[in-house]
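Subject: The structure for you to look at

Hi,

Here is the structure I promised to pass on. Have it open while you read, and turn it around as you go.

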Amino acid sequence: MLVLLAAIFLLHIACICLLLAATIHNAWWMSNTMSTDIWSRWMLNGGTWNYTEIPDHYPKEYLQAVQASSVLACIFCILGLFVFVAQLYTLPKGKRFLFTGAFQLLAWLCIMIAASIYTDIFHKDKEQGWYGASFILAWISVCLTFISCITYFILRKKTA
């Protein structure tokens, strides 16, 4: 049981790390001379990367929805870890970790919404560039938070 709890704890830590990296790192959309994330844009001029604002033609409402959903996913996942640790000590034997699973479900929903909006709204007609590492990490964290959520819903505290 201890090995199982350690594996679940490590999965949860991995989810948090991936969510934070996807939210903070500046690589949602890339080209040879530009790197864009959900917060800013970096342009390569003369061999140095320079910070610029997000262009005005980006739909601000959708961008704010992606930003808010990404931040909420991080918050819910971190809160879920604290709830999991608390439930280890307070949950009666034989009960399921439903409250922790609910936090992971909210984190999964938020990051899925953020990645889906970004996929559907931004860079659809662009031929110059590609989705960056942060975008890929966001989709990987969608899968891992869903697996973590299902694990918490199925897991029972050991009765023996």
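Below is what I found, starting with the whole chain and then moving to single residues.

First, keep in mind that this is a predicted model.

**The whole chain**

The chain is built from four helices and five strands. If you walk along the sequence, they come in the order α-β-β-β-β-α-α-β-α. The C-alpha trace spans about 65 × 30 × 20 Å along its principal axes.

There are 160 residues, and 41% of them count as buried. The chain exposes about 8,700 Å², with carbon and sulfur atoms supplying 71% of that area. Now take the contacts between residues at least 6 apart in sequence: 68% of these join residues at least 24 apart. As for charge, the chain has 10 positive and 7 negative charges, and the mean positions of the two groups are 29 Å apart.

**A nonpolar patch on the surface**

Which residues form the nonpolar patch on the surface? They are Leu20, Ile24, Trp39, Val71, Leu72, Ile75, Ile78, Leu79 and Phe82, and together they have about 770 Å² of accessible area. Two elements give two or more residues each to this patch: helix H1 (2–24) and helix H2 (60–90). H2 gives the most, with six residues.

Ile24 is a good one to click on. This patch member sits in helix H1. Its relative accessible area is 59%, so Ile24 counts as exposed, the cut-off for that being over 50%.

**Two buried residues that touch**

Is His12 buried or exposed? His12 is in helix H1 too, but its relative accessibility is 0%, so it counts as buried. Leaving out residues up to four places away in sequence, His12 touches Cys77, Gly80, Leu81, Gln104, Ser148 and Tyr152.

Pick Gly80 from that list and look from the other side. Gly80 belongs to helix H2, and it is buried as well because its relative accessible area is 0%. With neighbours within four places set aside, Gly80 is in contact with His12, Thr100 and Phe103. You can also try a distance here: Gly80 and Ala138 are 58 residues apart along the chain, and their C-alpha atoms are separated by 18 Å.

**Two loop residues**

Thr33 lies in the loop between strand E1 (29–30) and strand E2 (34–36). Its relative accessibility is 42%, so Thr33 counts as partly exposed. Apart from neighbours within four places in sequence, Thr33 is in contact with Trp42, Met43, Leu44 and Trp49. Thr33 and Gly129 are 96 residues apart in sequence, yet from C-alpha to C-alpha they are 9.4 Å apart in space.

What about Glu127? You'll find this residue in the loop between helix H3 (98–121) and strand E5 (130–131). Glu127 counts as exposed because its relative accessibility is 77%. Try a distance here too: Glu127 and Ser31 are 96 residues apart in sequence, with 10.0 Å between their C-alpha atoms.

If you only have a few minutes, go to the patch first, where H2 gives six residues, and then to the contact between His12 and Gly80.

Cheers

How values were computed
Residues are numbered from 1 along each chain as its sequence is written. This is a predicted model: local features need pLDDT of at least 70, side-chain atom pairs count only at pLDDT 80 or more; totals for chains, interfaces and linings use all residues. Side-chain values use heavy atoms; hydrogens and water are left out. Patches are made of residues with over 30% relative accessible area and no salt bridge: like charges are joined within 9 Å, nonpolar side chains (Val, Leu, Ile, Met, Phe, Trp, Tyr) within 5 Å. Accessible areas come from the Shrake-Rupley method with a 1.4 Å probe; for residues, only the protein chains shown count as cover. A salt bridge is a side-chain nitrogen of Lys or Arg within 4 Å of a carboxyl oxygen of Asp or Glu. Buried means under 20% relative accessible area, exposed over 50%, partly exposed in between (1.4 Å probe, protein chains only). Contact means heavy atoms within 4.5 Å. Lys and Arg count as positive and Asp and Glu as negative; His and the chain ends are not counted. The place of a charge is taken as NZ of Lys, CZ of Arg, CG of Asp or CD of Glu.
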